[in-house]
Amino acid sequence: MTEGISLTGPQQEAVNHSAGRMRVIACPGSGKTEVIAHRVARLIETGERPGGIVAITFTEKAASELKTRIRRILEKEYPERADFGDMFIGTIHAFCLEMLRDIDPIYRTYDVLDGPRRVAYIAKGENYFGRIGLVRLQKSQESGFFETVAKFIRSADVMITEGIDQGRLTDRRFADCFSNYLHILDEDRYFDFPTIVRRLVDELEKNSGSRLLIAPRTEHIIVDEFQDVDPLQGRLLDLLSVNTRSIAVVGDDDQGIYHWRGTDVHIIREFADESRGGCRDITLGRNFRSTASIVDLSSQFISHNSKRIPKKIEPNPLLTREYEQGDIQTQIFDTQENELDYIVGKIRELHGTDFTDRSNRRYSLSYSDFAVLTRTNDLASMVIDRLDKENIPSVASSGESILERPEVKFAIKCLAYIFNADPILREGGGIPDLRNLVSEYQTVFSREKFAGADAEEFANRMKSVRGKISAIEGKGEDGNDYLPGLGLQEIYHEVLNALGADKFNLGEVYSYNLASLSQAVSDYESVWIRLRASEVKYFFYFLRAYGDSSYQDPRHQDDLLIDAVRIMTIHKAKGLEFPVVFVPDFVDHRRPRELTLFVDKNLYDAARYSGDDEDERRVYYTAITRSEKYLFLTGSSHAPGKVRERKVHRFLQEMPREYFTGIMELVKPRSGLPSRAQVASEFETSYSELTSYMRCPEDFLLRNVYGFNAGVPPAFGYGTNVHNILNMIHREYIRKGIIPGEKEIEETVSRMFKLRYATRNMEKNMEAAAARIIKNYVSIHSNDFSRILETEKRFEFVLGNALISGQIDLLKKLDSNGNITDVEIIDFKAEKKEGIYSSDYDRQLRYYAIACLDSLKLRPQKATVHILDAEEEVDETRDVDISDSSLSSTRQDIAGTVSRIRSKKFPASPDHEKCKECDYMKICPYRAK
Ligand code: SF4
């Protein structure tokens, strides 16, 4: 299990379980992830196909950590099976989407709306006022525009998650809107998170063929954090379990903390009920993480919950780290300022002191060993500010809204000026005027900060962009005012250009924050086909309503910055552990909040969503059990700006007092030991990210590090459409040996082809072009289909400490009768490109050749770029050199690139040919002039 500790009996039992149902109750610190990783490795070791194993994790980050652990176990214990590219490890939503795409390729044309994009989609005028008709709900409720959107989303989630029949709703206006919403979502080929799960459940319930189709992918299922599944996800797992050979659920009912999202801890409690068939039930009750005092304190505390799975939790008897007086402190301060002073003081007292880890090795505490766990983002943001002032480094997964940053506010005002709109900032101010903007420019982009800043040039550039928009306002193509060029992102790049982004380096802080605004622009405009100038005003409403919660200061989230205090909400601390944990604002001021919905309360378990004391206790139990030794529960009797006095949290009375002290100075040995070795996570990357760096490191910095988005061309998605259809044709051949005729190809193209950002005419023309080249391809190459081995073959290979993943379009056997380990790699390109792109193509094929050798255990003998360019009526192939020497130099290139990225080296490499094609030419100060 954990280094230096062998598996306990129950852990070994959970690892070895080979068939049937199993529930693993994993108490805090009981080595659950390690057990899951060993279980997966064991399945592979015993000969199970990786492609038949599914591991569902709560987040993508957890998935990535699990992959790393599995790989390490396999590499150590069973190196020849260390490839598991076909195994599914990821979130339940990603799993559902992948299964749906296996069941019906039409789902490849669906896109998933995450939180902000879903809001933008529902709030866009044609949907809000027309297709969904939310405006009628707004009028009936006398609520605001975005309040109505938010309440509608909450209500829709409950409807879908609880499977409520629309016919039972009293509010018929809402029933209509909900029905319209589901209809247009499907018509536009979108999913939101709950509808992905609902669609897969519907497919499996109605169609036994679908169940059989995905059965080979779901022979062994493992679900982590099972206490946080909702009824719909529970139903899905029941359906899947019919055809599985084993299903293992892992979690802890005491740590179920997402009731407000509809999750239900009863599901894990009832999983092992006898009425549901046989189930092996295992409890991992030994806490390897915390001192005996933390284990005892937290166990006594959670025992006040009445509805629990009985379990015995015990500390690790082999741990030499012991409780010392002062380890656990509590204090209520007069003000929050004093509370933050105390936190800073304790970080300084303990930083650099000796500590013993769970394997009894000693090291000295560094900043990354401290965590501040908050209930709200606002508090997290106050803590960040305070630590910043004290020069204590911090990283946060929750933090300050970017909308409060002066450079971001200023960029929003510039956009509003261009569109003659009100930016609707918190402080008001109305439609910006250029004179005021110029004066503000001199403050935000002062010459002291940016030597190249020039207010006059800023004014001229702004006037020029404003002029372009004025020219189309009220007229434009077909009498409309569609934005020129490609859309709002391009105009935002023009604003950044006016600010001087092409003349001087904006620096890290401005770049991160302005890139977050670029993300907001993309989120907003990506749900439109084309934006009109007169519609951009809604973007400012969107930012005002959702900006604070959706776009937070990303500067503090840089994973590469390792040694820093971790600041996060308790909900984000799931699965983590720290030697020192602060839980500030631990005062008695929170009461369960009732959800206000359009759904009648008698149609769902409203109390579950609102939560009660037992839910609240679970949240604090989760926070407390993150601590390995030091725990500081603090609060302040006066919140900033509030008069009412607050009291110490009533939960404190439920914790054994013998472990607590009030404020106490901690004087600990400082032997100058090295700090805890950070386990280097694998750097996960892909061919396209590495190519972005190889083309120009500045491109990589702007795109992948800061996160600036590029505009979306109208033909965006054309290549993906062609790939999807080709894949479908190849797959049908593999499954049934069918080669489609011309008519079938036309029907498939007509069903599958979708361009989101093209006009109808353009889409029709491109669809016809796609049908033409695909028919041509099949007529020329169908004789060769018998050599097809696999289509869209996924891979992952490790090079140094980088994990490179991707997908090969087509693998062909070189000899239809012979040895199938000798293969030809084929990559399709829907566009013929020359120059730098042509060398990109070659590099891509060499990556695939390395993947074949290292991960897929195949011998690539031939690699071919197959160009299917409709515009140039081209169907041509070109061989790529994949000799040993070329692959060896590609390996060196990859290793060098990864090492430069990890050491944050991003020297620009301008070149006329590259720069004129570059997505960032307007905002790059290094471009070839
Ligand atoms: S404009 Fe040129 S120098 Fe700048 S990122 Fe693009 S390719 Fe690199």
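Me: Before we look at a helix, what does "buried" mean here?

Reply: A residue is buried when its relative accessible area is under 20%, and exposed when that value is over 50%. Keep in mind that this is a predicted model. Now take helix α17: 12 of its 13 residues are buried, so this helix is largely enclosed by the rest of the structure.

Me: Which residues of α17 are buried?

Reply: Among them are Glu407, Val408, Lys409 and Phe410, and the list runs on through residues including Cys414, Leu415, Tyr417 and Ile418. The cover over these buried residues includes the helices α18 (434-444), α19 (455-472), α20 (488-499), α21 (507-525) and α22.

Me: How far does α17 reach from its first C-alpha to its last?

Reply: With 13 residues, α17 reaches 18 Å, close to the 18 Å expected at 1.5 Å a residue. Just after this helix, Asn420 takes a positive phi of about 55°.

Me: Let's try another helix. Which residues of α31 are buried?

Reply: First, the general idea: an α-helix has 3.6 residues a turn, so residues three or four places apart point the same way. In α31, the buried residues are Ser886, Leu887, Thr890, Ile894, Gly896, Thr897, Val898 and Ile901. This helix covers residues 884-902, and its 19 residues reach 27 Å, close to the 27 Å expected at 1.5 Å a residue.

Me: You mentioned phi. What sign does phi have in most residues?

Reply: Most residues other than glycine have a negative phi. That makes a positive value something to look for in the model. Lys904, just after α31, has a positive phi of about 55°.

Me: Where is Lys904 found, and is Lys904 buried or partly exposed?

Reply: Lys904 sits in the loop between α31 and α32 (912-917). At 39% relative accessibility, Lys904 counts as partly exposed.

Me: What about Asp585, where does that residue lie?

Reply: Asp585 lies in the loop between β17 (578-583) and α23 (606-610). Although Asp585 is not a glycine, its phi is positive, at about 60°. Asp585 is buried, with a relative accessible area of 12%.

Me: Now for empty space inside the model. How many cavities of 30 Å³ or more are there?

Reply: The general idea is that rolling a probe the size of a water molecule over the atoms shows where empty space is left. In this structure the count comes to 5 cavities of 30 Å³ or more. The largest cavity holds about 120 Å³ of space. Its lining has 13 residues, and the closest to the centre are Leu403, Ile424, Leu425, Arg426 and Arg544.

Me: Which elements give two or more residues to that lining?

Reply: They are α17 (406-418), the helix we began with, and α22 (537-550). The largest share, 4 residues, comes from α22. By class, the lining of the largest cavity has 7 nonpolar, no polar and 6 charged residues.

Me: And what lines the second largest cavity?

Reply: This cavity has about 50 Å³ of space. Its lining is made of Leu204, Arg211, Ile214, Ala215, Thr218, Leu239, Leu240 and Asn243. The elements giving two or more residues to this lining are α11 (208-214) and α12 (231-241). Its residues divide into 5 nonpolar, 2 polar and 1 charged.

Me: Which residues does Glu205 touch?

Reply: Not counting residues up to four places away in sequence, Glu205 touches Arg211, Arg235 and Leu239. Glu205 is in helix α10 (residues 193-206), and at 38% relative accessibility it counts as partly exposed. The C-alpha atoms of Glu205 and Arg235 are separated by 9.9 Å, with the two residues 30 apart along the chain.

Me: How many residues apart along the chain are Ala564 and Ser368?

Reply: They are 196 residues apart along the chain, while their C-alpha atoms are separated by 4.7 Å. Leaving aside neighbours within four places in sequence, Ala564 is in contact with Tyr367, Ser368, Pro393, Ser394 and Val395. Ala564 is buried, with a relative accessible area of 0%, and its place is in the loop between α22 and β16 (565-569).

Me: Last one: which residues surround the ligand?

Reply: The ligand is surrounded by Cys696, Glu698, Asp699, Pro910, Cys915, Cys918, Cys924, Tyr926 and Arg927. By class, this shell has 6 nonpolar, no polar and 3 charged residues.

Technical notes
Residues are numbered from 1 along each chain as its sequence is written. This is a predicted model: local features need pLDDT of at least 70, side-chain atom pairs count only at pLDDT 80 or more; totals for chains, interfaces and linings use all residues. Side-chain values use heavy atoms; hydrogens and water are left out. On a 1 Å grid over the protein atoms alone, a cavity is a set of points where a 1.4 Å probe fits but cannot get out, and a pocket is an open set with protein on both sides within 12 Å along at least five of seven lines; lining residues have an atom within 4 Å of a point. Grid points are joined across faces, edges and corners, and a volume is the space filled by probe spheres set on the points. Ala, Val, Leu, Ile, Met, Phe, Trp, Tyr, Cys and Pro count as nonpolar, Asp, Glu, Lys and Arg as charged, and the others, Gly among them, as polar. A residue is near a molecule or strand if one of its heavy atoms lies within 4 Å of it. The expected span of a helix is 1.5 Å times one less than its number of residues. Buried means under 20% relative accessible area, exposed over 50%, partly exposed in between (1.4 Å probe, protein chains only). Contact means heavy atoms within 4.5 Å.
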